[in-house]
Amino acid sequence: MGTGVPASEQTSCAKGDPQVYCPGDTGSTEAVQVTDSKSPEVSRPQNDPGYHNQDDSGQLMASYEGKAKGYKVPPFGWRICLAHEFAEKRKPFNANNISLSNLIKHLGMGLRYLQWWYRKTQVEKKTPFIDLINSVPLRQIYGCPLGGIGGGTITRGWRGQFCRWQLNPGMYQHQTVIADQFTVCLRRKGQTVYQQVLSMERPSVLRSWNWGLSGYFAFYHALYPRAWTVYQLPGQNVTLTCRQITPILPHDYQDSSLPVGVFVWNVENEGDEALEVSIMFSMRNGLGGGDDTSGGLWNEPFCLERDGETVQGLLLHHPALPNPYTMAVAARLTAETTVTHITAFDPDGTGQQVWQDLLQDGQLDSPAGRSTPSQKGVGIAGAVCVMGKLPPRGQCQLEFSLAWDMPRIMFGAKSQVYYRRYTRFFGPDGDAAPALSHYALCQYADWEEKISAWQSLVLDDRSLPAWYKSALFNELYFLADGGTVWLEVPEDSLPEELVESMCQLRPILREYGRFGYLEGQEYRMYNTYDVHFYASFALVMLWPKLELSLQYDMALATLSEDLTRRRYLMSGVVAPVKRRNVIPHDIGDPDDEPWLRVNAYVVHDTADWKDLNLKFVLQVYRDYYLTGDQVFLRDMWPVCLAVMEYEMKFDKDQDGLIENGGYADQTYDGWVTTGPSAYCGGLWLAAVAVMVQMAALCGIQDIQDKFSSILSRGQEAYERLLWNGRYYNYDCSPLPQSSSIMSDQCAGQWFLRASGLGEGDTEVFPTPHVVCALQTIFEFNVQAFAGGAMGAVNGMQPHGVPDRSSVQSDEVWVGVVYGLAATMIQETAEGCYRTVWERLGLAFQTPEAYCQQQVFRSLAYMRPLSIWAMQLALQRQQKKASRPTAKWGTGQSTRPEPGPKEATANLSPETPATLSQQDNHTPSLLTTQLHQ
């Protein structure tokens, strides 16, 4: 097959070419630095110790007229004035954005989708796992979510609104609840002088309240899992700083699971008079939607005193089936504060009684006893108020918590009951909301110490640019707010035959539970594996036991089958749901019964996808390398053998290189690939190389020899068929787009390097070729696209025009760009961050993709967690020592960079006690242990 490039250009990069920097064989692709003398942006002094880009929050804070800087607000993060308006208003991708040629290509799929969509929504009364008819509209409002991992999340927008809810597992409600507000009351000399809802809203309900806060004197600052909102109250000489805290704690498998958030209000009195300040936290019971209309909701006050600490508040009982819950709004009572409440008021009325009650004396009436249950169609809300006193020029601190207790959950099919992870520590009976509130208000200071110690390793590194520090931590929101569930695993739910063959299966799942997160809030499939390939770096580096748990679940699903036949939308072919010895696309839809019914994805039959099996093998070795868990590797070895044997059928000409099938048979599921390809071929070679290493570690010589032979033949074929002298061609089809420059063509090399392989004696792809390809990607896919300001476009034609041969080739995939940047270690990713967070207003909903103009696709997506691959690469670069690299066939990986557990612990202030003892073993011990 031809390469599409003249033979004279197929040997190597021309040394005299001014556009492509092609060094000699350096022996390493470590820290590839791309250069271009024509672009001053490339040589900005980001590594200068004094580097700080003054534009990081410039446009977002341009409207701010206040002088207040807030109470201990950190210098790094995402900062925006509450009065800011995003000029660019994009729309979700839909059929109108597809070119005529692509529309014709996908006409059959479109008709089949419409039939499927109608049956799903009108007959089955279910929500489609991907709803192309009713995409989530753009709302440029979201901020840090509240809630730990797997217990549900509540997102508070950057203007203070409670606006995105995921209480029922995996199912989102994008709804601003007007009654959920903070209100401030200031009193001087016994008189109320100022009372204001801290919201810019001007709603049609609660009209007696003072709405319409001026956003020009307030700003929001996010550094997940914390956020700060600073309010300078005009004419009052008072500054309020609300600090929001969620227990997202690396290597912590208890507090990180808690469904709680804490709000700490620091009040600064800058005047010469004493001051009384009250903060009222009002909350509606439910969201005001269909779950509430049947009535029966009720509130009651509570007071819990334990260990010398007293917490008071309200319990909002929401008994609607199938997942009843109790919300707790609470405050900490101290010697300097007074806590009062109002048990019930109408959130859809004028709100006059509540407003006047607070206005009168800065306190609420605190009636005793529970409220009467709400009537059908009538809402109910409550409020908790904390009052403190400040001397002239003084300060005070008022502390609130929000907790929700939904211990027992059912997914959409309602066929099985699960218990959330936090019930292990707080019980499964549905009465834990007071204890959760008390624990959160007593422990948040400790959480903040741990968060600061973890983040300071990055924030204090003056070599890192400010945008990266913001992106690294703020993109982590998705681990909790990805429709995430963290569930207890019943003893009798694991197949005995596999428990016996996988030594660590039961201990891992029983001790650390079952973890699932969605491909995206709009692409509702748990643990979508081709995308988790990119996102998994965050999980394995910060909660490695959850990554291992996910891998065991994936292994269980791989060895099972579901021969139920169904029609696939893209091809119209009827085929089984799941075949044995194939990695599933996903673990299921939360609106069905995940884990019991996998592969909710019905667009393609993914049994013939070329990347899923390879990504499993690569992640298994990467996880072993970073955790040092030899038993995990031993358990996964038979599964890796099985999926690679299945994969070999795609090498039809036995040249050691698999071929794609002439359709979109990989993660780019709208981009056709034919024959040997840069992406899948590169992943294949990387997976084969990993199999060689694992066979050596296991001491299985015949398997090692087999894969060594395949690797040698495959390398020759890959270079001969795809290398064109400057980069690897997209594929080997006879079509013009076969010579497209794919931004993700080096994915195999990326994963090898993340696993301590891919250089020196373990080199798979020639280093000069990798460097040359990355330089070409940077020049064409990054700099020649949108002026170099929007990241890397997926596909670029060699004459400098985006590849528009498919609906995905001219998109920018944020997670792919972060992965690419991990390979390059340079500013490729900055354009993505600034586009998403500063220009398009997509904070805390980073999409899968956006185009150069007009549209985005799939809000709040998993893949951008791949920014943690950048952090791993940076750690490796910083810790690179003079240790020899691994050699094929020795079974000894001496790890040139962070070895097992070093990378996963590097951002933790201390080595976690919860890690198993076997994490301390080095890989060189594995050969002995596997022979035992």
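# Exercises on an enclosed space, two helices and a set of rings

The second largest cavity is lined by Val136, Pro137, Arg139, Tyr142, Arg164, His174, Gln521, Glu522, Gln845, Leu859 and Ala860. On a 1 Å grid over the protein atoms alone, a cavity is a set of points where a 1.4 Å probe fits but cannot get out, whereas a pocket is an open set with protein on both sides within 12 Å along at least five of seven lines, and lining residues have an atom within 4 Å of a point. The model is predicted, so that local features need pLDDT of at least 70 and side-chain atom pairs count only at pLDDT 80 or more, while totals for chains, interfaces and linings use all residues. Residues are numbered from 1 along each chain as its sequence is written, and side-chain values use heavy atoms, with hydrogens and water left out.

**Exercise 1.** Describe the second largest cavity by volume and by the classes of its lining residues, then do likewise for the second largest pocket.

*Solution.* Step one is the volume, which is the space filled by probe spheres set on grid points that are joined across faces, edges and corners. The structure holds 6 cavities of 30 Å³ or more, and the second largest of them has about 60 Å³ of space.

Step two sorts the lining, with Ala, Val, Leu, Ile, Met, Phe, Trp, Tyr, Cys and Pro counted as nonpolar, Asp, Glu, Lys and Arg as charged, and the others, Gly among them, as polar. The cavity lining then has 5 nonpolar, 3 polar and 3 charged residues.

Step three turns to the second largest pocket, whose volume is about 640 Å³. Its lining has 26 residues, and Trp116, Lys120, Arg566, Ala600 and Val602 are those that lie nearest its centre. Two or more residues of this lining come from each of α2 (107-123) and β24 (562-567), helices (H or I, at least four residues) and strands (E, at least two) being DSSP runs numbered from the N terminus. By class, the pocket lining divides into 8 nonpolar, 5 polar and 13 charged residues.

**Exercise 2.** Decide whether helix α16 is enclosed or open to its surroundings, and name elements that cover its buried residues.

*Solution.* Begin with the criterion: buried means under 20% relative accessible area, exposed over 50%, and partly exposed in between (1.4 Å probe, protein chains only). In α16 the buried residues are Ala747, Gly748, Gln749, Trp750, Phe751, Leu752, Arg753 and Ala754. Since 8 of the 8 residues of α16 (residues 747-754) are buried, the helix is largely enclosed by the rest of the structure.

Next come the covering elements, which include α10 (529-542), α12 (612-627), α14 (678-698), α17 (767-783), α18 (814-824) and α20 (867-879); contact here means heavy atoms within 4.5 Å. After α16 comes Gly756, with a positive phi near 80°.

For a second case, take α11 (residues 544-558), which has 15 residues and reaches 21 Å from its first C-alpha to its last, close to the expected 21 Å; the expected span is 1.5 Å times one less than the number of residues. Here 15 of the 15 residues are buried, so α11 too is largely enclosed by the rest of the structure.

**Exercise 3.** Classify the geometry of the ring pair formed by Phe533 and Trp750, and state which helices the pair links.

*Solution.* Rings of Phe, Tyr and Trp (its six-membered ring) pair if their centres lie within 6.5 Å, and planes under 30 degrees apart count as stacked, over 60 as edge-to-face and the rest as tilted. The whole structure yields 58 aromatic pairs. For Phe533 and Trp750 the centres are 5.8 Å apart and the planes stand at 80°, so the pair is edge-to-face. It links distant parts of the chain, with Phe533 in α10 and Trp750 in α16, 217 residues apart. Both Phe533 and Trp750 are buried.

**Exercise 4.** Compare the surroundings of Asn581 and Phe844, non-glycine residues with positive phi.

*Solution.* Asn581, with phi about 65°, lies in the loop between β25 (574-578) and α12, and is partly exposed, with a relative accessible area of 25%. Phe844, with phi about 55°, lies in the loop between α19 (830-839) and β31 (849-850), and is buried, with a relative accessible area of 0%. Phe844 also belongs to a cluster linked by ring pairs, whose members include Trp78, Tyr833 and Trp837.
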